[in-house]
Amino acid sequence: MLEVIDEGVSAWLWPGGSTVLAVLFIYGVYRIALGLVRKLSEPGSVLRLFLDPSTRAIGAVVCLLALSISLNTLPPDLPLLSSLQQLTTLSLILALTWAAVRLTSAIGEVIVALNPVLEGQWKRARKVETQTRFLVRGLNILIVIIGAGAALMTFESVQHMGASLLASAGVGGLVLGFAARPVLSNLLAGMQIALTQPFRIDDVLYVQGEWCWVEEVTATYVVLRVWDLRRLVIPLQWFIENSFQNWSRNNADLLGTVFIWVDYTMPVEPLRQEFSRLLAQSDRWDGQVATVQVTDSNDQAMQVRFLMSASDSSRNWDLRCAIREGLVTFIQEHHPDQLPRLRARLVE
């Protein structure tokens with residue numbers, strides 16, 4: 001046993017040492033080239049956006065490729081050479097898959113960086129970002145599936161198994177399709193959303209009674225940031241099958257309302273003047289809409305609606321709260337007798 005080990009070590013001593021030196025030399029050249037590229041390029045440039053996220057993956061590919069070439073040049077009678085070549089091929093396929101995923105993600109980041117959110121162009125920028133996120137994640141899933149299949153095909157037992165699986169591909173396909181239906185439906189829904197654009201990154205949505213923003217879009221679900229910093233995680237298929245409100249589909253402008261119930265003896269004109277004064281003092285009002293109307297009445301009081309506009313949902317909410325507080329204070333101070341009251345008559 002010891003003699004066999006000694007023979008194997010002596011047989012691998014020179015070829016193994018030369019292979020290790022070749023891999024180290026190639027890796028050193030790669031690191032030097034990488035340092036030169038980083039030195040000659042700016043941190044925010046397109047080249048750096050490609051290079052920085054994929055440095056380790058590309059380094060692994062370079063080293064494994066050099067190792068594979070070196071092993072193929074060695075004498076074929078070396079012990080354990082075929083097993084080492086198979087392991088190197090398997091590792092190279094996994095490294096190539098890793099590098100492809102990192103480069104695809106980097107392409108998405110470059111596209112997003114080249115389309116920043118500028119004044120007057122936010123709609124186009126969000127559309128590009130949302131479509132890019134969907135497509136990049138879909139491509140990454142496809143790359144991982146292809147890479148995993150290529151890695152499994154390096155084993156002879158898997159290749160023989162594949163021939164037998166082809167005979168039962170019909171039944172197996174039905175079973176696999178039924179089992180993977182939720183995942184596939186979400187992937188198809190993601191592609192449909194990417195093409196039709198019912199919402200974009202940072203859009204304001206009203207979903208399931210919650211006022212929220214689109215924070216993150218993945219290949220299978222959407223993360224919504226609620227106004228109180230909670231997160232809603234909703235599958236993509238839900239947006240295809242259910243209706244929801246998009247408050248910033250074409251623009252972020254919104255109309256806000258404040259309803260106040262007052263007694264029939266309350267004159268509307270003082271409320272209209274106070275409403276105009278409060279709007280003029282507020283920096284949240286965009287100066288577009290300001291309307292006061294009596295919209296409802298019952299046997300005890302009448303309802304006055306105050307309609308106003310703001311540039312986005314957050315400003316609209318703050319403006320409504322401020323106007324409501326100001327109008328209630330005005331009625332309390334100047335017309336306290338005109339608050340809603342219950343009329344009754346005493347009968348002996």
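**Exercise 1. Aromatic pairs**

Task: State how many aromatic pairs the structure holds, and work out whether the pair of Y27 and Y30 is stacked, edge-to-face or tilted.

Solution: In this predicted model, the structure holds 10 aromatic pairs. The ring centres of Y27 and Y30 lie 6.3 Å apart and the ring planes stand at 40°, so this pair is tilted. The step rests on the cut-offs, since planes under 30 degrees apart count as stacked and those over 60 as edge-to-face, with the rest counted as tilted. The next step is to place the two residues: both belong to helix α1 (residues 2-40), where Y27 and Y30 are 3 residues apart and thus separated by about one helical turn. Turning to accessibility, Y27 is partly exposed with a relative accessible area of 34%, whereas Y30 counts as buried at 13%.

**Exercise 2. A pair between a helix and a strand**

Task: Find which elements hold F275 and F306, and decide whether these two residues are buried or exposed.

Solution: The rings of F275 and F306 form a tilted aromatic pair, with 5.3 Å from centre to centre and 55° between the planes. F275 lies in helix α10 (residues 268-281) while F306 lies in strand β8, so the pair ties together parts that are 31 residues apart in sequence. As for accessibility, both F275 and F306 are buried. Elsewhere, ring pairs join Y206, W211, W213, W247 and W317 into a cluster.

**Exercise 3. The surroundings of strand β8**

Task: Determine which strands pair with β8, and how many of the residues of β8 are buried.

Solution: Strand β8 covers residues 302-310, and 8 of its 9 residues are buried, which leaves the strand mostly covered. One partner is strand β6 (residues 254-262), which pairs with β8 in the antiparallel sense over 9 bridges; in β8, M302 stands opposite V262. Another partner is strand β7 (residues 285-297), also antiparallel to β8, with 8 bridges, and here V292 stands opposite F306 of β8. Finally, β7 and β8 make a hairpin that has 4 residues between the two strands.

**Exercise 4. The open sheet**

Task: Give the order of the strands in the open sheet of 5 strands, and say which are its edge strands.

Solution: The order is β4-β3-β2-β1-β5, and the pairing is antiparallel. The edge strands are β4 (231-235) and β5 (245-246), each of which pairs on one side only. Within the sheet, strand β2 (residues 210-217) and strand β3 (residues 221-226) pair in the antiparallel sense over 5 bridges, and the bridge partner of E216 is V223 in β3. Helix α11 (residues 313-334) lies across β1 (204-207) and β2, and the helix runs at about 160° to β2.

**Exercise 5. Cysteines and a serine**

Task: Report how many disulfides a search of the whole structure finds, and identify which residues S70 contacts beyond its neighbours within four places in sequence.

Solution: The search of the whole structure finds 0 disulfides. C63 counts as buried, with 17% relative accessibility, and C212 is buried as well, with a relative accessible area of 0%. S70, for its part, lies in helix α3 (residues 55-72). Its relative accessible area of 13% makes S70 buried, because buried means under 20%. Once the neighbours within four places in sequence are left aside, S70 is in contact with T19 and A22.

How values were computed
Residues numbered from 1 in each chain as written. Predicted model: local features only at pLDDT ≥ 70, side-chain atom pairs only at ≥ 80, totals over all residues. Heavy atoms only, no water. Buried < 20%, exposed > 50% of the residue type's maximum accessible area, 1.4 Å probe, protein only. Pairing = 2+ DSSP bridges. Phe/Tyr/Trp six-rings, centres within 6.5 Å; stacked < 30°, edge-to-face > 60°. Disulfide = S-S within 2.5 Å. Contact = heavy atoms within 4.5 Å. Axes fitted to C-alpha atoms, helices over the stretch in contact; angles between N-to-C directions.
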